[in-house]
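User: I'm new to this one and would like to start with one part before seeing how the rest is laid out. Could you take me through it slowly?

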Amino acid sequence: MPKRTDIKSVLIIGAGPIIIGQACEFDYSGAQACKALKAEGFRVILVNSNPATIMTDPLLADATYIEPIHWKSIEKIIDKERPDALLPTMGGQTGLNTALTLAKEGVLKKYNVELIGASREAIDKAEDRELFDKTMKGIGIETPRSGIAHSMEEALSVQKSLGFPCIIRPSFTLGGSGGGVAYNIQEFKEICEKGLDLSPTTELLIDESLLGWKEYELEVVRDKNDNCIIICSIENLDPMGVHTGDSITVAPAQTLTDKEYQILRDQSFKILREIGVETGGSNVQFGINPENGRVIVIEMNPRVSRSSALASKATGFPIAKVAALLSVGFTLDELQNDITNGLTPASFEPSIDYIVTKIPKFAFEKFPQANDRLTTQMKSVGEVMGIGRTFQESLQKALQSLEEDLNGFERILDDTSNQNETLRYQLTFPGSRRILYIGDAIRLGWDADQLNQLTGIDFWFLQQIIDLVDEENILQDTKLQEIDFHKMLNLKQKGFADHRIAKLTKSTAQDVRDLRKKLGVMPSFKRVDTCAAEFATETAYMYSTYEGECESRPTNNKKVIVLGSGPNRIGQGIEFDYCCVHASFALQEEGYESIMINCNPETVSTDYDTSNRLYFEPITEEKVLDIIDLERPEGVIIQFGGQTPLKLAETLLSNNVTILGTDVDAIDRSEDRERFQSLAHQLNLKQPPNSTVKNLGEALQMSEEIGFPIVVRPSYVLGGRAMELVHTQAELEKYLKEAVEVSDQKPILLDGYLTDAIEVDVDVISDGSDIEIGGILQHIEQAGIHSGDSACSLPPYSLSKKAIKEIESQAKKIAKELNVIGLMNIHLHNLKLLLMNQMRHQEEQLIYKTLCIYLQTHQIFELFPVQQFLQVSNFLQVTFLFFSQHL
Amino acid sequence: MSFPAILVLEDGSVLEGMGFGAKEPAVGEIVFNTSMSGYQEIITDPSYAKQIIAFTHPHIGNTGINDEDNESDEIVASGIVIKDLPSHFSNWRATQSLESFLESKKTIGISNIDTRALTAKLRDHGSVKACITTNDSSSLSKANQALDKFDGLEGLDLAKEVSTKKSFSWDEGTWPNYEQTKNEKLIVAVDFGVKKNILRLLRKHVGKVQVVNAQISFEELMSLKPDGVFLSNGPGDPEPCNYAIELIQQLLNINMPIFGICLGHQLLALSGGCKTYKMKFGHHGANHPVQDLESKVVYITSQNHGFAVDLSSLPENIEPTHVSLFDQSLQGIAFKDKPAFSFQGHPEASPGPHELEELFTKFYSMIKNNAKKN
């Protein structure tokens with residue numbers, strides 16, 4: 001059955017702002033859907049309030065609306081555009097809920113818009129807990145024993161029949177927000193109260209506790225001919241009790257026999273059919289009792305999700321793209337499996353010959369008041385994925401990808417007296433670093449039984465980790481020179497980073513690298529091909545491992561490597577990925593082969609067809625240098641990926657790698673406070689009274705000169721991490737003692753806090769000779785609110801022409817002095833400089849989207865002079881950036 | 001305990017790895033299998049006689065071996081090649097490790113092999129002869145001698161070797177509750193190397209099951225008064241199995257309802273006048289898309305065959321029912337004028353997807369309709 005001809009235009013709802021539980025995976029899915037439908041000749045209308053996305057690029061859809069994702073504003077768009085169909089499954093829970101509201105408000109009927117992908121009934125059946133429960137019982141599939149409550153009294157009576165602990169989930173909330181595990185009546189009442197409040201239907205589902213059960217997720221795709229396939233099985237290393245988004249997960253499932261796996265597969269199909277997901281991707285979650293194999297279905301999502309993004313990256317099967325095409329009438333056998341160059345159809349189940357491990361990224365250090373224990377409510381802000389030929393390799397690569405200075409199973413336990421007590425707590429009540437505490441427990445001699453009892457983690461995974469720690473213990477008594485070829489190969493196959501080997505053998509990473517090269521232990525690169533090498537592939541989606549044949553086959557083309565931005569975190573969201581993707585596109589347009597290195601599975605940059613070649617690898621010195629050794633690019637672009645690649649600048653330079661764009665020293669001059677101060681001084685620019693201090697004494701002394709209130713923060717910070725406003729010397733002292741480490745290497749910055757100041761951001765683009773102002777954004781909140789958290793207006797709403805001229809002139813002065821090649825962003829308050837970053841920030845996407853001009857990234861290279869591209873904009877647009885602080 | 005071992009291929013390449021299980025050398029045709037689960041079922045599948053299986057999934061042995069999932073009582077494959085043998089296994093049903101199972105069944109395995117590179121090689125050059133043996137000074141020359149002596153599978157009738165010597169009845173349905181049908185129909189299953197799960201499904205969906213030797217005579221078979229005959233899967237080349245082809249032709253003549261799987265499918269096709277051929281590297285995995293030519297529905301199937309029926313050789317009275325969407329090869333046939341059909345893949349799964357379990361109920365309907373007609 002080929003594509004439908006009765007549909008000419010499709011409206012896609014994006015996911016809106018990035019919030020906890022809903023990050024850039026929906027840019028990935030929305031962008032894929034737009035591209036796929038447009039390529040098939042459909043008129044694509046997109047609505048998304050988040051401008052910092054690839055999908056809202058002008059060329060991706062035929063009409064793009066940057067409007068609030070609310071049914072009323074979407075009704076206006078429907079009225080204007082008159083789409084034939086609405087695809088609600090690409091924009092996460094936000095998209096799905098909004099579509100449901102549009103249906104309930106009668107808008108879809110009024111304008112005769114068909115819901116495709118998932119019907120209103122299907123969404124209801126999957127999302128309404130009571131209905132889901134009933135539906136499952138109807139087809140003989142077990143769900144947890146449970147009850148529904150619409151009030152506190154009802155909740156209490158349900159609880160009586162289930163006992164403690166029990167799990168509370170509000171209906172229709174995102175990422176299980178408002179849910180939790182209650183161990184006693186007090187906790188129970190607290191969670192219920194919050195949950196009733198948060199649920200749009202004032203409804204709670206209270207479940208029997210399946211804490212400690214094995215947890216699985218299957219990614220399913222179905223077409224209108226009822227062809228169903230499983231794209232990927234995912235096993236949670238952290239058992240039930242931790243939200244799957246906060247769990248370390250592994251693909252494919254490792255600890256099920258085929259008989260047991262097939263039960264999950266059969267049930268997934270049965271559930272999809274019964275719920276009525278006609279076409280597209282869904283996921284189904286199961287719990288399995290590790291004692292006897294009893295299977296319980298937990299939930300299903302009738303839409304693409306963060307797990308679909310993970311499954312797509314883990315297998316090479318583009319779920320969102322395929323789901324979009326299925327929604328307009330194609331069937332799976334009519335679609336090609338792109339990765340095998342169309343040699344095979346999309347109607348098959350990927351077989352993978354490597355292991356993928358996902359580790360979530362948390363930001364508890366930014367919200368010290370937040371409860372940092374992991375529960376059924378999602379708290380992670382991003383994730384990384386490691387690919388390896390063994391679980392150990394993939395796990396260690398994922399740890400290295402986290403951007404937490406982890407090179408492997410680092411020791412994190414303090415040498416305090418109550419180590420056992422700490423461990424027992426950390427293992428029983430998981431926080432973000434339980435996996436490392438497991439390593440520490442093994443070091444103290446805890447065995448697999450003890451670990452399993454406290455964590456519920458399957459013995460198979462525990463034994464793999466025990467083996468890694470045992471290996472470390474041996475390594476600690478080994479001198480680096482004693483490591484021979486076989487030993488080194490063995491260590492690398494288990495995923496040990498050069499840095500970790502260096503630390504354990506008391507040498508340096510460079511020593512380890514040199515020895516590796518001498519011994520001939522170099523990585524080989526294998527391809528992700530969906531089919532375990534059964535068919536040949538030309539698609540260059542690769543990962544490193546240490547084994548036999550290398551399939552990289554680098555070309556002799558002109559090529560440039562773009563370093564991606566790693567995991568999402570607070571202050572570094574999707575915007576860096578946006579820049580990296582555009583850098584890659586621009587390179588390709590200019591005839592370069594673009595090579596992407598990144599480890600974040602939620603992103604567009606890690607789609608196998610975004611760049612010419614993709615290395616799914618941790619962005620670490622070791623891995624990047626290995627790839628450079630192999631590829632020998634003309635240069636590397638590091639300025640678009642945020643702090644992650646910038647940290648590698650020095651190493652790259654010392655290895656004679658050409659860094660394209662702004663000089664690394666210039667970046668340092670703008671990032672390093674002291675150097676920036678002297679720059680400002682040299683250019684005769686004003687700055688708020690400020691100082692850089694290296695110890696408490698200095699801090700107290702300088703604070704008197706600057707005067708309170710003072711903004712304090714560590715140097716080289718991102719997104720205001722650990723930034724605080726202090727009003728007294730006592731507060732300053734407390735901050736220095738408790739919040740941050742201060743030393744000669746880690747100085748602290750003190751900035752006078754400007755009251756009643758106007759803050760503006762200026763974006764500048766330069767090719768080294770021409771300098772242009774991209775736009776000036778005036779903050780609506782007064783200075784002191786982090787610019788990423790403040791609402792902005794473009795153009796400025798209260799600045800005089802003279803002030804604007806002065807701002808522009810100052811900005812150009814700085815750009816010229818630093819010889820910026822590329823983009824630069826400056827924050828100013830009342831024409832005083834506050835902070836300058838050369839990375840593209842969220843504000844820049846805003847400028848980009850509102851002025852609708854192409855700040856084409858290839859203009860950063862000397863080859864392509866900046867042209868006069870600015871248009872005058874005489875409309876006012878206000879975009880509110882979203883806060884994630886409800887964590 | 002593991003020991004140094006080598007994998008020697010026909011083309012002269014020698015891959016070093018770690019041996020596990022028994023130390024007796026293994027010789028056979030090496031094939032790759034892309035199933036990500038179900039190694040226990042695969043190594044005990046009689047269709048793998050005289051074959052060495054290279055698993056593409058890197059960890060093999062994670063869930064150990066349990067008492068319920070064997071497809072025959074023996075490890076039939078000659079040996080196995082894997083990337084990694086985990087030091088521990090974990091599963092609530094497991095009773096022993098893969099390693100100890102191999103040891104008890106006198107079978108050798110080799111780990112630490114780049115199975116991905118090996119798969120690509122087999123994909124590009126086709127299946128080859130191979131030998132796994134311990135790595136000592138004389139092993140390489142012994143391995144080469146053994147390879148010289150082994151002639152490959154073409155022209156080799158292995159079915160009669162693995163077939164049951166004694167006839168027996170089968171009384172167990174499928175895991176986990178072993179349900180059986182109340183139907184009284186009698187199915188005679190001709191054993192060319194049958195997988196237990198086929199018998200379980202026949203018992204679950206079709207009727208009573210009597211398993212007989214591959215070389216049973218027509219008269220002896222008929223004396224059992226079957227309502228239908230099942231032709232099982234099995235190893236080797238179908239062409240030399242003249243005894244089976246003759247038997248099937250006699251059964252077709254009397255309009256006996258027949259259902260064949262894998263080798264049984266190939267034998268049924270040969271009996272109807274089709275031709276078979278040896279494939280380059282065969283189909284071995286659990287993710288193969290097969291399309292029902294009538295309904296256009298795509299089924300994900302379990303596959304394990306190195307020979308296939310030539311689609312272009314089908315006579316007038318036989319119609320193709322299924323094709324592979326991987327390579328368009330023939331996957332199922334039905335006689336237009338007889339109650340007989342067969343399927344190339346494995347509807348009994350084990351391991352693999354269950355979608356085509358409906359072929360067993362189709363067989364039952366065919367038997368029922370046939371009984372009405374007579």
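Analyst: One bit of vocabulary to begin with: two strands pair if DSSP finds at least two bridges between them. Strands (E, at least two residues) and helices (H or I, at least four) are DSSP runs, numbered from the N terminus. You're looking at a predicted model, where local features need pLDDT (the predictor's confidence in each residue, from 0 to 100) of at least 70 and side-chain atom pairs count only at pLDDT 80 or more, while totals for chains, interfaces and linings use all residues. Residues are numbered from 1 along each chain as its sequence is written, and chains are lettered from A and ligands numbered from 1 in the order in which they are written.

Let's settle on strand 12 of chain A, residues 249-251. Three bridges tie strand 12 of chain A to strand 15 of chain A (residues 355-361), and the two run antiparallel. Look for A:A251: its bridge partner in strand 15 of chain A is A:V356.

Now zoom out to the sheet around that pair. Seven strands of chain A make up an open sheet, in the order 14-13-10-11-12-15-16, with antiparallel pairing. Strand 14 (295-301) and strand 16 (382-388) of chain A each have a single partner strand, so they stand at the edges with one side left without a neighbour in the sheet. Ignoring direction, neighbouring strands here are turned by 25 degrees against each other on average. Angles run from 0 to 180 degrees between N-to-C directions, with axes fitted to C-alpha atoms, for helices over the stretch in contact. Helix 11 of chain A (residues 319-327) packs on this sheet and touches strand 10 (214-222), strand 11 (228-236) and strand 13 (280-288) of chain A, its direction making about 120 degrees with that of strand 13 of chain A. Contact is when C-beta atoms, placed from the backbone, lie within 7 Å.

Chain A also has an open sheet of five strands, in the order 3-2-1-4-5, and here the pairing is parallel. Strand 3 (63-65) and strand 5 (114-115) of chain A are its edge strands, each pairing on one side only. Two bridges link strand 4 (residues 85-87) and strand 5 of chain A in the parallel sense, with A:A85 opposite A:E114. Helix 3 of chain A (residues 92-104) packs on that sheet, touching strand 1 (9-13), strand 4 and strand 5 of chain A, at about 120 degrees to the direction of strand 1 of chain A.

So much for chain A's sheets; what about its partner? In contact with one another are 45 residues of chain A and 45 residues of chain B. On chain A's side, helix 9 (258-275) and helix 16 are the elements that give two or more residues, and helix 9 of chain A gives the most, with six. That side divides into 15 nonpolar, 14 polar and 16 charged residues (Ala, Val, Leu, Ile, Met, Phe, Trp, Tyr, Cys and Pro are nonpolar, Asp, Glu, Lys and Arg charged, the others, Gly among them, polar).

Over in chain B, strand 1 (residues 3-9) and strand 2 (residues 14-21) run antiparallel, joined by six bridges. B:A5 has B:G17 as its bridge partner. These two strands of chain B form a hairpin with four residues between them, and B:G12 in the turn has a positive phi of about 95 degrees. As for overall scores, the model gets ipTM 0.97 and pTM 0.89.

Notes:
Two residues are in contact if their C-beta atoms, placed from the backbone, lie within 7 Å.
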